[in-house]
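Hi,

Here is the structure I promised to pass on. My notes follow below it.

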Amino acid sequence: MDKNYDVIIAGAGPVGCVMAERFASVMNWKVLLIDKRDHVAGNCFDKQHDSGLLIHRYGPHYFRSNNKDLIDYLSQFTDWIPGNYYVKSSTNGELYPFPINLLTLRQFFKKPDLNAETAQQLLEEKRIPIENPANSEEFVLSRVGREMYEAFYLGYTLKQWAIHPKDLAPSVCGRIPVRLNEDERYVDHKYQLTPALGFTEMFKKMIDHPNIDLQLETDFNQIRHTVKPTKATIYTGPIDEYFDYKFGKLPWRSLEFEFKEESKEFSQPCVQINYPNDHDYTRTVEIKHVTGQKHRHTVISYEYPRAEGDPYYPIPMEENHHLYERYRTLAEQETKENDVFFCGRLAEYKYYNTDEVMELALKTFNTIKGKHGN
Ligand SMILES: Cc1cc2nc3c(=O)[nH]c(=O)nc-3n(C[C@H](O)[C@H](O)[C@H](O)COP(=O)(O)OP(=O)(O)OC[C@H]3O[C@@H](n4cnc5c(N)ncnc54)[C@H](O)[C@@H]3O)c2cc1C
């Protein structure tokens, strides 16, 4: 292995790829990019299923952003297709548009004439007045009332986290909007776009640069004491692992995915159906609605929350946050003393959307660039 790298990047996910590209093309640095998995793109990884259809291996990724500069930057590496992100929730034997919007309210309360004003009045009647909601249950009750809480939120949250909404911060369920218009889109962002050939192709093109050496199936722990970069290390793996779990393990919620091919063109009316109250899985995903592929068959992914397995979601509880803070103090010291920069969802024990984590990567890159007088 060439030992004269300017920077070593542990993890070839969105953060690792963006930073590798920037160091290589802006700073002309020699980059070693490694990942312990056998592919790039991190959790955004998509690949061809046996059927020939593209699947999102680690759960559906609906790319969205409000940041035009970010879209312009990524457009160097991909063309885009419109993000066709629509979700329904299956409850009480019916499929409802989700997040809750005017169409959901009309269907749920069997009031086809509701408009924004009358829907607002109806919600006022349903809401349970709680001045400062202290947890997710109180938050949802104070927003939409008990019937909708029980139909759409309670079961889903219990399945997803194995924690009662009473024990989760208000923000966990609070992130989901409630709209008093007929906008059925899953998210509100200005740009809702999908890489035309998929995420993996976009990231591969991003790191296709003569200054970047990519080494897959390589754990950072195997090389950390043998290869020393001359300028910096970027670490995007789990922060507790970096410090040998010195203060104990940070807890994560995991997932298992089951992919089933069906011999029909489409199996469900939109990309995602949530099952708050039935089945062991939380949602079914037919990503074909998003990738726009034409095929006689389709593939459905069933998503099962798990206590053990790969780290997917940091568990949003106070004590976990405190534990992370202890590691963060060590990380800050490591940055100061050894130029190791911790960036990304695993390194910061935080759920980030892909656009957010790439913005963060660009920001961290600029900090390092500034430090080196550019
Ligand atoms: C189920 C699910 C659905 C999601 N849906 C969306 C969505 O719809 N829209 C959206 O914008 N975002 C979504 N996200 C978030 C998105 O996946 C993340 O924002 C993004 O992947 C974070 O990038 P990252 O580089 O920080 O981490 P990752 O993508 O996790 O990449 C980190 C990489 O580091 C590697 N690594 C870890 N430790 C080591 C080590 N010791 N040595 C070498 N390599 C190592 C890992 O193998 C991994 O490839 C979703 C996430 C999940 C879990």
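In these notes Ala, Val, Leu, Ile, Met, Phe, Trp, Tyr, Cys and Pro count as nonpolar, Asp, Glu, Lys and Arg as charged, and the others, Gly among them, as polar. On that basis, the shell around the ligand holds 16 nonpolar, 13 polar and six charged residues.

Please keep in mind that this is a predicted model: local features need pLDDT of at least 70, side-chain atom pairs count only at pLDDT 80 or more, and totals for chains, interfaces and linings use all residues. Residues are numbered from 1 along each chain as its sequence is written.

There are 35 residues around the ligand (C-beta atom, placed from the backbone, within 6 Å of it). Gly11, Gly13, Gly42, Gly237 and Gly344 come nearest. Helix 1 (14-26), helix 9 (220-223) and helix 13 (354-371) each give two or more residues to this shell. Helices (H or I, at least four residues) and strands (E, at least two) are DSSP runs, numbered from the N terminus.

Next, a helix pair. The axes of helix 5 (residues 136-144) and helix 6 (residues 146-161), lines fitted to C-alpha atoms over the stretch in contact, come within 9 Å and cross at roughly 150° on a scale from 0 to 180 degrees between N-to-C directions. The two helices are therefore roughly antiparallel (over 145 degrees).

Finally, the strands, where pairing takes at least two DSSP bridges. Strand 12 (residues 252-262) runs antiparallel to strand 15 (residues 298-306), joined by nine bridges, with Glu262 opposite Thr298. Strand 12 also pairs with strand 16 (residues 313-314) in the antiparallel sense over two bridges, where Trp252 faces Pro314.

Best wishes

Definitions and conventions: Angles under 35 degrees count as roughly parallel, over 145 as roughly antiparallel, 65 to 115 as roughly perpendicular and the rest as oblique.
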